[in-house]
Amino acid sequence: MKKQAHRGAQIIDLMMLVIDVTKGMQTQSAECLVIGQIACQKLVVVLNKMDLLAEGKRQAAIDKMTKKMQKTLENTKFRGAPIIPVAAKPGGPEAPETEAPQGISELIELLTSQISIPMRDPSGPFLMSVDHCFSIKGQGTVMTGTILSGSISLGDSVEIPALKVVKKVKSMQMFHMPVTSAMQGDRLGICVTQFDPKLLERGLVCAPESLHTVYAALISVEKIPYFRGPLQTKAKFHITVGHETVMGRLMFFSPSPESFDHEPVLDTFDFSQEYLFQEQYLCKDLAPAATGSGQANEKAGQASEGLCPRQQWALVEFEKPVTCPRLCLVIGSRLDADIHTNMCRLAFHGVLLHGLEDKNYAESLLPRLRVYKLKHKHGFVERVINDYSVIGRSLFKKETNIQLFVGLKVHLSTGELGIIDSSFGQSGKFKINIPGTVEYMFDENSVTLEHGSGQGQSEGGLSPESKKILTPALKKRSRASRGEVAKQEEGVERPEPTQHVTLSLSFKRYVFDTHKHIVQSP
């Protein structure tokens, strides 16, 4: 039932939420309400089985349940929605047909007052949602459903895209009446010949070649607040897209931090922009607080100062290809969770912005997707060679190819900006050049490097303050015996100086860059 509700979410104009008045809201009822918030604008709540309530206490029980439902709807878009009691089948399914339904005429009157006829547009490619498919002897195979877009006429060709089959329309009916044409919003039965109805239970029928099969997709993402737990990159979810539900693996990403507050773009995806990789979907209860730990920020997704972006996206890789229109609704769920637990299984929703139609999309299309990871490495200045060169350590592992990092900028905690020049020995140490004229501003923990402001300008190289910090360590090392120096050059760690000069290296790597280039911001 839940999968059917998901699939129907594409074509809901008004939702009728049926509640057992003797039980109240159940897990599936709550999930249907969540789908309603995503997919439609109007709701009517029906309290069914009122005949099972004791006659003397019936009205009091109905009033109590009505108040509960009003409270449930209070924080949703359906606040103030009408609530009506009925008994659709008094006595239950085994009761005789002579038992008249209760409250149905009032329900029909209410629905009539709530429903408005939406604007219909016959233009655009034909697309129909099929919910039944059956054969009629001597006639052919009938597909019934609702036209989502466009129009169709007798004799037109239609495609069943999931099967790559094209058939000609032999006849059409609306509510058992033959018609020669139909348009968006119409309920329609299409008869075709030489097609096995067992091949299509539910799905889509469209104008030939108007829909495409996709192996992956870029979607906008919004977490459903009732879902417990994080949405993590590499996690698998049931993905309902169009009229199919398949398993899919996700990778979340956001705008670059400086664009977190930009206005969301709802119907397109811009491949020219850069995006920040996220280990999980960012929301306020999961965003990291502002700390000095680059590793903490990197692991949590690098949301700066606890801020969350106004828009987030995901790459969804389907376990099997799906056929769906662009800009269709996408719902991610954990349908394998126990329905009897008090837990929402619906995790997120969004819109399909771009489908990846090439089976080899990882090589042909993903390199266009400029998603990057921010990397932060920290190390120490081990010793000074001269006023313009230092030796660093603990930034790289012994086996790291330091040549990949040559030319990158590193910041010294004393304010200087250095450039990685070369490796030094075989233990992961490296040489740093301190170039040109620099300016330095000291605070308690770190230094910001600025050019041209005239605050403490030096001729270049290490500043006098930096030399003072490093000098005691130099003197201490100068007293070491020759044997100790030899051991140190072989990579044996020396006693740490009282005050460290730390190094920080920040860069980014693009997730889908086959060459694994390392890039630093100017």
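Here is a short walk through the aromatic rings of this structure, which is a predicted model.

Let's start with the overall tally: searching the whole structure turns up 14 aromatic pairs. A good one to look at is Y275 with W313, an edge-to-face pair whose ring centres are 5.0 Å apart and whose planes make an angle of 75°. Planes over 60 degrees apart count as edge-to-face, so the 75° here earns that label.

Where do these two rings come from? Y275 belongs to strand β17 (residues 275-278), while W313 belongs to strand β18 (residues 312-324), so their pairing ties together parts that are 38 residues apart in sequence. Are they buried or exposed? Y275 has a relative accessibility of 5%, so it counts as buried. W313 is buried too, with a relative accessible area of 8%.

For another kind of geometry, turn to F396 and F405. Their ring centres are 4.7 Å apart and their planes meet at 40°, so this pair is called tilted. Both F396 and F405 are buried.

Now back to Y275 and W313, because they have company: together with F253, F269 and F271 they make up one aromatic cluster. Pick out F271 from that cluster and you'll find a charge on its ring, as the charged end of R368 sits over it, 4.1 Å from the ring centre.

There is a charged residue over F277 as well. Here K373 lies over the face of the ring, at 4.5 Å from its centre.

Definitions and conventions
Residues numbered from 1 in each chain as written. Predicted model: local features only at pLDDT ≥ 70, side-chain atom pairs only at ≥ 80, totals over all residues. Heavy atoms only, no water. Phe/Tyr/Trp six-rings, centres within 6.5 Å; stacked < 30°, edge-to-face > 60°. Helix = DSSP H or I, 4+ residues; strand = E, 2+ residues; numbered from the N terminus. Buried < 20%, exposed > 50% of the residue type's maximum accessible area, 1.4 Å probe, protein only. Lys NZ or Arg CZ within 6 Å of the ring centre and 35° of its normal.
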